[in-house]
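Biologist: I'd like a close look at one part of this model, the surroundings of the ligand. Please take me through it slowly, and then show me a few spots elsewhere along the chain.

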Amino acid sequence: MAESLIDLRVFADGAELARAAAEEFTRRAGEAIDARERCAVALSGGSTPRRLFALLADPAQPLRDRIEWRSIHFFWGDERHVPPDHPESNFRMAREALLDAVPVPAQNIHRIRGEEPDAARAAALYEDELRGFFSGAPRFDLVLLGLGADAHTASLFPGTEAVRERERWVVAPWVEKLRTFRITLTPAVLNRAAAVIFLVEGEEKAAALRAVLEGEQEGKREGGRDPDRWPAQVIRPESGEVLWLVDGAAARGLENRFNRS
Ligand code: 6PG
């Protein structure tokens, strides 16, 4: 990946990372609302964003009151094939850590219907939702993404066709290693975003981060770019920026060639 595209910021720990992410969220949401009177955000799932959500929701923190919650529309980058009250639901995590605590109108919350028995139908319904919200091509103001230890992001897993999807906006890949379907936005949507922020925390992500950013695994340069193997490499917004917010443990394996701050 051409280094000039990468803005990588390394923080001492997860708390500092979450604080920086909360500042970025607040600033970018404000800018989008100033420009377009609304902000469309796609949230990531998993555990890493929980601390960010809690910071944004915390009434004792200054950021909460700086955000025009009524003008933000919340979407998800992906969802597990489970009901919204299931412990593994990405929607549930965001609801409990953030949405229940801030004044977001119910009609601004656009969740993926993971409870749909037919995951492909859940994907089709979500594509309809996006088509209803965006006039023309979907352009999120901000997309939050995580990184799995296998270099997956959203639910774009290694070796799945979803990584190569360029037409459909939402698909429901079967993820063999998890023995389940997932519902995920595709690169066709993610790469139209104005800004993508990756949140990556923990030593267990170091090898994947190095592979994604340097195309290197086990110290051997592996030809740099292989999204089928390292799906997060497929995230290259056409006219948007990518920001990597990572902690020191995850950045441990990186050579220092990036725009580190
Ligand atoms: C999901 C996510 C997924 C996540 C990574 C990292 O539904 O699981 O959207 O892409 O971001 O798996 O997960 P952690 O933050 O839990 O390490």
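Modeller: Let's sort out one bit of vocabulary before anything else. Ala, Val, Leu, Ile, Met, Phe, Trp, Tyr, Cys and Pro count as nonpolar; Asp, Glu, Lys and Arg count as charged; whatever is left, Gly included, counts as polar. Also keep in mind that this is a predicted model.

With that sorting, the shell around the ligand splits into eight polar, four charged and two nonpolar residues. In total, 14 residues surround the ligand, and the closest are Thr-48, Asp-78, Arg-80, Ala-154 and Lys-205. Asp-78, Arg-80 and Lys-205 go in the charged group because of their residue types, while Ala-154 goes in the nonpolar group and Thr-48 in the polar one. As for where the ligand is, it sits in the largest pocket.

Now for the contacts themselves. Arg-182 has a side-chain N or O atom 3.4 Å from an oxygen atom of the ligand. That pair counts as a polar contact because the cut-off is 3.5 Å. Asp-78 also points a polar side-chain atom at a ligand oxygen, at 2.6 Å. For Lys-205, a polar side-chain atom is likewise 2.6 Å from an oxygen atom of the ligand. As for cover, the ligand on its own has 410 Å² of accessible area, and the protein covers 88% of that.

Ala-154 deserves a second look. You'll find Ala-154 in the loop that runs between strand S5 (142–145) and strand S6 (170–171). Its phi is near 45°, a positive value in a residue that isn't glycine. Ala-154 counts as buried because its relative accessibility is 11%, and the cut-off for buried is under 20%.

Set Glu-37 beside it, another residue with a positive phi. Here phi is about 65°, and again the residue is not a glycine. Glu-37 sits in the loop between helix H1 (14–36) and strand S2 (39–43). So which label does Glu-37 get, buried or exposed? Its relative accessible area is 68%, so Glu-37 is exposed, given that exposed means over 50%.

Helix H1 itself holds Gly-30. With a relative accessible area of 25%, Gly-30 is partly exposed. From the C-alpha of Gly-30 to that of Pro-138 is 19 Å, and the two residues are 108 apart along the chain. Moving on to the loop between helix H2 (50–57) and strand S3 (72–76), we meet Asp-65. Asp-65 is exposed, at a relative accessible area of 62%. Asp-65 and Thr-26 are 39 residues apart in sequence, and their C-alpha atoms are 9.9 Å apart.

Further along the chain there are some buried residues to check. Glu-214 is part of helix H6 (residues 206–214). Although Glu belongs to the charged types, Glu-214 counts as buried, at 3% relative accessibility. Its C-alpha is 6.0 Å from that of Gly-224, 10 residues away along the chain.

Gln-233 lies in the loop between strand S11 (220–221) and strand S12 (241–247). Its relative accessible area is 0%, so Gln-233 is buried. The Gln-233 side chain reaches the backbone oxygen of Val-212 at 3.0 Å. Strand S12 contains Val-242, which is buried too, at 12% relative accessible area. Measure in your viewer from Val-242 to Lys-177, C-alpha to C-alpha, and you should get 28 Å, for a pair 65 residues apart in sequence.

Back at the ligand, then, the side chains to click on include Asp-78, Arg-182 and Lys-205, each with a polar atom facing a ligand oxygen at the distance given above.

Terms used:
Residues numbered from 1 in each chain as written. Predicted model: local features only at pLDDT ≥ 70, side-chain atom pairs only at ≥ 80, totals over all residues. Heavy atoms only, no water. Near = heavy atom within 4 Å. Polar contact = N/O pair within 3.5 Å; in protein donor to acceptor, adjacent residues only side chain to side chain. Areas by Shrake-Rupley, 256 points an atom, 1.4 Å probe, with all protein chains shown as cover. 1 Å grid on protein atoms, 1.4 Å probe; cavity = no way out; pocket = protein on both sides within 12 Å on 5 of 7 lines; lining within 4 Å. Sits in = over half its atoms within 2 Å of the grid points. Helix = DSSP H or I, 4+ residues; strand = E, 2+ residues; numbered from the N terminus. Buried < 20%, exposed > 50% of the residue type's maximum accessible area, 1.4 Å probe, protein only.
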